[in-house]
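Me: I would like to learn how to read a protein model one feature at a time. Could you show me the general idea first and then the case at hand?

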Amino acid sequence: MRVIVDRLSKTYRDRRGQDLVALDGISLTVEPEEFVAILGPSGCGKSTLLGIIAGLLPASSGEVAFEGERRPGQPFTATVFQEFALFPWRTAQANVEFGLEELGLPPAERRKRSARFIAMTGLEGFEGRYPHQLSGGMRQRVGIARALAVDPAVLLMDEPFSALDAQTRTLMMEELLGIWERTRTSILYVTHNIQEAVYMADRVVVLSRRPGRVLETVPVELKRPRHEGQMGEPSFLQASERIWGLIRSQAQAALVEGKA
Amino acid sequence: MVAGRVTVRDRAAFLRRADHRLLRVAALGGLLVLWEALTRIGWIPALFLPSPLGVIRELGEMAASGQLTIHVAASLRRLLWGFAVGAAAGIVVGIATGFFSRAEAVGQPLIAATFPIPKIALLPLLILWLGIGEPSKIAVIALGVFFPMAINTYAGVKEADPLLVRAAIAFGAGRWSVIRKVILPSALPMIFAGLKLGAGTALLLLVAAEMIAADSGIGFLVLHAGNIMDTTKLMVGIVCLSLLGVLSHWLLTRAERLAVPWRHT
């Protein structure tokens, strides 16, 4: 399915009754099997945008629509959260099966599906562990398996690896790309890390700081399947520099504002 | 200036605590031995304080004659019914007031207004309404358990991580699914804290109710033994009560380990 975000705006009202524009007229699309990154400085409303697409927040104006063919029972979205958001009282496997329960699948079918995605994310042998018994990287694998298991039309990822250490993050990025090559689920990936965005995405949508607007959409011309070695290629560097040029002044402004 | 080499000393050493297992046993054992010794020497008349061995002997005799069983069974029945009814109602009300804004608006002021009433003061009223038999005693225990349960469950519901609620909704959960699969497990540790609190209150109210209006039960046994100055029997009753208290706490701790495995493993 294609995701269409059409002139989406979101205004929050703070306690003093003042309006705060978080998102201002965002338009973008995610095509089937496409990997799109949304990149912006902190406080640009990236997470708000993802929340609205997931149906967890109301938009102030504009709309989010899904267009195209959908398998019966297929959910529009599934989300991978920055803080993992695993249920601490559920084992890894029970966490993966959560969405399947809500879809109303019978236990045998749930077991079968969860086993498949547990294997795909390298969680075999950890099915019976509780989240607090897993490392950060393993927890996010559970988060990814839980989201993929419901077979969503688009997978929403909200800075999924930013809570992990640098080494784990690099490995997880590679693994995610490997999984994506196999499943080809469209992904909308929010990040503030330029390398991460360019390395993984087909297109990078660059947002401005508050109020969040689309500054530009930067296509990434890197061959797939991708590997770390490509990070030195001219097209990688060009795209990275292009994006840095777009958000540099924004980041500086945020820095100064943060001090004041 | 002074030259030299100084080794760093562990300055937090006094914070590290040993287990002192032997000391724990010795404290309890020592008290019993001292007590037994004092009564044997005759320093304390048996009428004021019977010897521990005498109490155990009496306990054995009362158990053999079936006298004790009747009282313990009567108390246990009241305790379990009152506890079950009060805890169930408290959990339901706690979840409702914690989750639904209307239930909160209605329930919160009512609970705040009625919570401070000492529940035993309601016993005469309950007897008037429900009669002198079992229902009034069960009701007063249930009331005593209800409040800590409702208040603790409410606090537990409020503690539920909003991120987890959002995650559940993101994966298709509706209102009831959220309550069952996120709110309830989030509140479980607080619910168990409430159950332990409630167990203490239940025991207190049980004894009070049995002392006021009963012809069976441990509370009755203690009061009756006191009236006829049979201190040994009185002590048997007190031992039974303390055993009930220890046992209920132990059972609840075990149940908590089973129900909240993610906190202990």
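Reply: Happy to! Let us begin with A:Arg7, which is exposed because just 12 other C-beta atoms lie within 10 Å. A residue counts as exposed at 12 or fewer such neighbours and as buried at 20 or more. Keep in mind that this is a predicted model.

Me: Where does A:Arg7 lie, and what is its phi?

Reply: First the general idea: most residues other than glycine have a negative phi. A:Arg7 has a positive phi, near 45°, and it is not a glycine. As for its place, A:Arg7 belongs to strand S1 of chain A.

Me: Which other residue should I look at, one with a phi near 60°?

Reply: That is B:Met229, again a residue other than glycine with a positive phi. Look for B:Met229 in the loop that links helix H9 (218–227) to helix H10 (231–259) of chain B. Is B:Met229 buried or exposed? B:Met229 counts as exposed, because it has 9 C-beta neighbours inside 10 Å.

Me: What about the peptide bonds?

Reply: In general, most peptide bonds are trans. Here the bond from A:Arg210 to A:Pro211 is cis, with omega near -5°. A:Pro211 sits in the loop between strand S8 (203–207) and strand S9 (214–219) of chain A. The bond from A:Arg224 to A:Pro225 is cis as well, with omega near -5°. You will find A:Pro225 in the loop that runs between S9 and helix H8 (234–259) of chain A.

Me: In what order do the strands of the open sheet in chain A stand?

Reply: To read a sheet, follow the strands from one edge to the other. This open sheet has 3 strands in the order S2-S1-S4 of chain A, with antiparallel pairing. Strand S2 (19–30) and strand S4 (61–67) are at the edges with a single partner strand each, so one side of each has no neighbour in the sheet. On average, neighbouring strands are turned by 15° against each other, direction ignored.

Me: How many bridges join S1(A) and S2(A)?

Reply: Strand S1 (residues 2–13) of chain A pairs with S2(A) over 8 bridges, in the antiparallel sense. For one facing pair, find A:Arg13, which stands opposite A:Asp19 in S2(A). Helix H1 (residues 46–53) of chain A packs on this sheet and touches S1, S2 and S4. The direction of H1 makes about 120° with that of S1(A).

Me: Now to chain B. How many helices and strands does chain B have?

Reply: Chain B has 11 helices and 0 strands. A second thing to check is the spread of the chain. The radius of gyration of chain B is 25 Å, whereas a compact globule of 265 residues would have one near 18 Å. Its C-alpha trace spans about 85 × 70 × 35 Å along the principal axes. Of the 265 residues in chain B, 35% count as buried.

Me: How do I describe two helices that pack together?

Reply: Two packed helices are described by the angle between their axes and the distance between the axes. Try helix H3 (residues 67–99) and helix H6 (residues 134–159) of chain B: their axes come within 6 Å and cross at roughly 35°. The crossing of H3(B) and H6(B) is right-handed. Their contact has 20 nonpolar, 9 polar and 4 charged residues.

Me: How many residues of chain B are in contact with chain A?

Reply: For an interface, count the residues on each side and then ask which elements supply them. Here 13 residues of chain B are in contact with 18 residues of chain A. On the chain B side, helix H7 (162–170) and helix H8 (175–212) each supply at least two residues. H7(B) gives the largest share, 6 residues. By class, the side of chain B that touches chain A has 9 nonpolar, 3 polar and 1 charged residues.

Me: Which residues of H7(B) are buried, and what covers them?

Reply: The buried residues in H7(B) are B:Leu164, B:Arg166, B:Ala167, B:Ala168 and B:Ala170. Their cover includes strand S5 (77–80) of chain A together with H8 of chain B. After H7(B) comes B:Gly172, with a positive phi near 95°.

Terms used:
Residues are numbered from 1 along each chain as its sequence is written. Chains are lettered from A and ligands numbered from 1 in the order in which they are written. This is a predicted model: local features need pLDDT of at least 70, side-chain atom pairs count only at pLDDT 80 or more; totals for chains, interfaces and linings use all residues. Two residues are in contact if their C-beta atoms, placed from the backbone, lie within 7 Å. Helices (H or I, at least four residues) and strands (E, at least two) are DSSP runs, numbered from the N terminus. Ala, Val, Leu, Ile, Met, Phe, Trp, Tyr, Cys and Pro count as nonpolar, Asp, Glu, Lys and Arg as charged, and the others, Gly among them, as polar. The radius of gyration is taken over C-alpha atoms; the globule rule is 2.2 Å times the number of residues to the power 0.38. Axes are lines fitted to C-alpha atoms, for helices over the stretch in contact, and angles run from 0 to 180 degrees between N-to-C directions. A crossing is left-handed if the near helix is turned anticlockwise from the far one by less than a right angle, and right-handed if clockwise. Two strands pair if DSSP finds at least two bridges between them.
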